[in-house]
Amino acid sequence: MNMRQYIRIGNQSSDGRFSCECTLTKEKFQARVSSKDTARMFDRNFQFRYPKACPFLVLGEGDTFSCLIYNDRPGHCRSFLCSHCKEEEEENK
């Protein structure tokens, strides 16, 4: 939820890919965002409500969040372990 300050979005190419950088790790990556999702990515209402949220995070159905670039996400996101999910997993054992 708090990655906005670490994700820099650069130019968009003709195939819908954005050149990006995770400034926390200095990793550069390409993120493909569909044309219908580009508007969601720049939704001012969402940005106002969640000012620190990653720019690729969007609100889905039932107030759940989803990542627009899940398959293209940077290494930092790939290695992230959700502590809430881990707690639920331990409770269900």
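Let's start at the hairpin. Strand 2 and strand 3 make a hairpin, with four residues between them. This is a predicted model, so please hear everything I say today as a description of that prediction. The two strands of the hairpin, residues 17–22 for strand 2 and residues 27–32 for strand 3, pair in the antiparallel sense over six bridges. If you want one pair to find on your screen, take Arg17, whose bridge partner in strand 3 is Arg32.

Now look at the turn. Which residue in the turn has a positive phi? That is Lys26, with a phi of about 70°, and Lys26 is not a glycine. Lys26 sits in the loop between strand 2 and strand 3, and it is exposed, at a relative accessible area of 58%.

There is another residue to put beside Lys26. Asp63 is not a glycine either, and its phi is positive, about 55°. You will find Asp63 in the loop between strand 4, residues 57–59, and strand 5. Asp63 also counts as exposed, because its relative accessibility is 54% and the cut-off for exposed is over 50%.

Let me step back to the sheet that holds our hairpin. It is an open sheet of three strands in the order 1-2-3, and the pairing is antiparallel. Which strands are at the edges? Those are strand 1, residues 7–12, and strand 3, each of which pairs on one side only. From one strand to the next, the twist averages 30°. As a general reminder while you rotate the view, side chains in a regular strand alternate between the two faces of the sheet.

And the whole chain? We have four helices and five strands. Reading from the N terminus, the elements go β-β-β-α-α-β-β-α-α. The chain has 93 residues, and 27% of them are buried.

Next, cysteines, since somebody at the bench always asks. How many disulfides does the count come to? The count is zero. Let's walk through two of the cysteines. For Cys20, the closest cysteine sulfur belongs to Cys54, and it is 9.0 Å away, which is too far for a bond. For Cys54, the closest cysteine sulfur is in Cys77, at 5.9 Å, and that is again too far for a bond. The cut-off behind this reasoning is 2.5 Å between the sulfur atoms. Are these two cysteines buried or exposed? Cys20 is buried, with a relative accessible area of 6%, and Cys54 is buried too, with 13%. Both values fall under the 20% cut-off for buried.

Cys77 brings me to my last stop, the largest pocket. How much space lies in the largest pocket? The figure is about 660 Å³. Its lining has 18 residues, and those closest to the pocket centre are Met1, Leu57, Cys67, Cys77 and Phe80. Two elements give two or more residues to this lining, namely strand 5, residues 65–67, and helix 3, residues 75–78. Strand 5 gives the most, with three residues.

What is the lining made of? It divides into 14 nonpolar residues, three polar and one charged.

So, to leave you with a route for your own look: begin at Lys26 in the loop between strand 2 and strand 3, visit Asp63 in the loop between strand 4 and strand 5, and finish at the largest pocket, with Cys77 among the residues closest to its centre. Thanks, everyone!

Conventions
Residues are numbered from 1 along each chain as its sequence is written. This is a predicted model: local features need pLDDT of at least 70, side-chain atom pairs count only at pLDDT 80 or more; totals for chains, interfaces and linings use all residues. Side-chain values use heavy atoms; hydrogens and water are left out. Two strands pair if DSSP finds at least two bridges between them. On a 1 Å grid over the protein atoms alone, a cavity is a set of points where a 1.4 Å probe fits but cannot get out, and a pocket is an open set with protein on both sides within 12 Å along at least five of seven lines; lining residues have an atom within 4 Å of a point. Grid points are joined across faces, edges and corners, and a volume is the space filled by probe spheres set on the points. Ala, Val, Leu, Ile, Met, Phe, Trp, Tyr, Cys and Pro count as nonpolar, Asp, Glu, Lys and Arg as charged, and the others, Gly among them, as polar. Buried means under 20% relative accessible area, exposed over 50%, partly exposed in between (1.4 Å probe, protein chains only). Axes are lines fitted to C-alpha atoms, for helices over the stretch in contact, and angles run from 0 to 180 degrees between N-to-C directions.
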